[in-house]
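Here is a friendly tour for anyone who likes to see the cut-offs next to the claims. Please keep the viewer open while you read.

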Amino acid sequence: MNSNRKTYPNQTRRGLIAPILLALALAPLPSSMRADLTHRYQFDGEYGEPSVQDSVGEAHGTLQGTAYVSDGAVYLDASEGCYVDLPGGIITGYSSLTFEAWASFGVNNNWSRLYDFGNHNSETGRGGYYVMFSPHTASGDARVSIAAADPGYDNEYVTTRPGVLDDMGLLHIVAVYDPSRQFCAMYIDGQLASARHDVPVPLSSVQNVYSYLGKSLYDTDAYMYGYITEFRVYDHALSAPEVGASFAAGSETLNLDAGAIESVALGLDPSVVLLNGMSQCKVSATFTGAGTVDVSNEPDVTFSSSDETKVTVTSSGVVKGVAIGTAKITATYGGKQASQVVTVIEAPAQLKHRYSFNEAETDYIAVDSEGGANGALWGGALFNGDGQAVLDGVNGYVDLPNGIISVLTNATFETWTTWTGTRMWERIFDFGNNANGEDGQGTGTTYLLLTPRGGAERVRFSITIGSGEQMADGPALLSSNRLVHVAVTYSYSERIARLYVDGDPAGSQAVTIPLKSIADVNNWLGKSNWPDPYYTGSID
């Protein structure tokens, strides 16, 4: 536990109650950090002072609106115009970048910002060409973002952590942008929260005209509610051990030295893979000064297989089973090694759930004849007595039990259906969650869906965990007013999803999302996790 955490002050929505002023001693700046730490804000001014001092780079900021400093923190009450205004251009010319902060968030509204550095279009009121961190998005996650467009969302790459950061106390937050590796990552309290290796946007695309703490470059987004005790900017992509060392040192001490490596551990998810299936290595290292941190994304981690005729492994730790048998995967980091045996099997398909809708017209329970996971009809849904569930397109749908998707590694979804509707985004099925939680529609967060008419005017299968939606489109929208057979095979083991219509291949898409990442509390036939139209037709 970080011994330097402050207690969360009493708060009201009208403002933050000022704590007793304390004098804080400034720690000296180690010579090893002088070249990389370019700006540091400790908010150690007196209550009522309008300025915020940069103790390293002299890019001093000003408090706006009702923002104030006290007890080594800046307090923001989410009111209009309450933020910290830092000078523009303070990250211009950087080739890699790290933001580090200790911050506590109260109950924030959608799209609040810890920071937002970029440009603003005064005509549209939208932001563009920016880097930002939102602790509370409309999708119900926290995210790091880099955008190279106006508006930013037209070419934006986001790295997300499920769940908002409201009411979690003082958090250590680090965002790393390393375009040389196309790498972007988020760390919370010294641990990797999310990362991706496919971010092609260089930092030269960021137009750092404005630098805000607590305010968005979009006019309609919420202001931040909470406080910040420390904010740092590095002209350097911090490594995972450096992040861990800084968290261990706390907000009042500057230290990126993780110490000596004591041990390395290797985990695989899963360690038993299907033939031609894949698994992902996770490597952690324990340091004397930083504890145990996830080093899977560090460039000097290497992998090897004891038998590549059975199991192969890429430089990024992706394991693939190429023949039945076993092999040992070894990870090497910092002179230490760890190994794990991988077993490759060929598993037959197993029918898990079957809904035939043979119930009487007066029934409302949809019986699962294979798995016992019975569903229920709601709204204008009914059985027609002839083996079909009929959905009225108004409010009728079939509600299946929670958790039936997230327990699977690979899956096939198969249906015979007659679509009598015409509207876009009707759902044959939608399994997942949204920002309004269980039973209600809202902003979809994690889900997989099948629609007869998607955005490309085609039948579409789609899966997402809040960003990086992966879609398999057919050649056209689904035929209407006739019985059609539709199937989706989702092989996480082989990282591929395939769509079939009437037995013929209709589309495919490479996928990287494990089904266990889907928060499947809304498993619906005929209803969307978004406020989209209900399905019109019948399911046989």
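Arg482 has a relative accessible area of 36%, so this residue counts as partly exposed (buried is under 20% relative accessible area, exposed over 50%, and partly exposed in between, with a 1.4 Å probe and protein chains only). This is a predicted model, in which local features need pLDDT of at least 70 and side-chain atom pairs count only at pLDDT 80 or more, while totals for chains, interfaces and linings use all residues. Residues are numbered from 1 along each chain as its sequence is written, and side-chain values use heavy atoms, with hydrogens and water left out.

The side chain of Arg482 forms a salt bridge with that of Asp502, at 2.8 Å from N to O (a side-chain nitrogen of Lys or Arg within 4 Å of a carboxyl oxygen of Asp or Glu). Arg482 sits in the loop between S37 and strand S38 (483-491), and Asp502 in the loop between strand S39 (496-501) and strand S40 (504-510), so the pair ties together parts that are 20 residues apart in sequence. Strands here are DSSP runs of E with at least two residues, numbered from the N terminus. Asp502 is partly exposed too, because its relative accessible area is 35%.

By this rule there are 15 salt bridges, including the three below.

| Salt bridge | N to O distance |
|---|---|
| Arg482 and Asp502 | 2.8 Å |
| Asp473 and Arg460 | 2.7 Å |
| Glu457 and Arg453 | 2.8 Å |

Asp473 in strand S37 and Arg460 in strand S36 (residues 460-464) are 13 residues apart, and their pair links distant parts of the chain. Both Asp473 and Arg460 are buried, whereas Glu457 is partly exposed at 33%. Salt bridges with shared partners also join Arg40, Glu100, Glu230 and Arg232 into one network.

Glu100 leads us on to His172, a residue of strand S14 (residues 171-178). The side chains of Glu100 and His172 make a polar contact of 2.7 Å (a pair of N or O atoms within 3.5 Å; within protein, one must be able to donate a hydrogen and the other to accept it, and residues adjacent in sequence count only if both atoms are side-chain atoms). His172 counts as buried because its relative accessibility is 1%.

Now to the sheets. One open sheet has eight strands in the order S28-S29-S32-S41-S34-S35-S36-S37, with antiparallel pairing (two strands pair if DSSP finds at least two bridges between them). Strand S28 (365-366) and strand S37 (470-473) are at its edges with a single partner strand each, so one side of each has no neighbour in the sheet. Another open sheet of eight strands runs S4-S5-S8-S17-S10-S11-S12-S13, and its pairing is antiparallel.

Which residues have the most contacts inside the largest nonpolar core? They are Tyr115, Tyr177 and Phe231, in a core of 46 residues (buried Ala, Val, Leu, Ile, Met, Phe, Trp, Tyr and Cys residues joined through side-chain atoms within 4.5 Å). Strand S9 (residues 97-105) gives the most to this core, with five residues. A second, separate core has 42 residues, among them Phe383, Leu391, Val459 and Tyr490.

Finally, the cysteines: the whole structure has zero disulfides (pairs of cysteine sulfur atoms within 2.5 Å). Cys82 is buried at 0% relative accessibility, and Cys281 is buried with a relative accessible area of 4%.

Key
Helix = DSSP H or I, 4+ residues; strand = E, 2+ residues; numbered from the N terminus.
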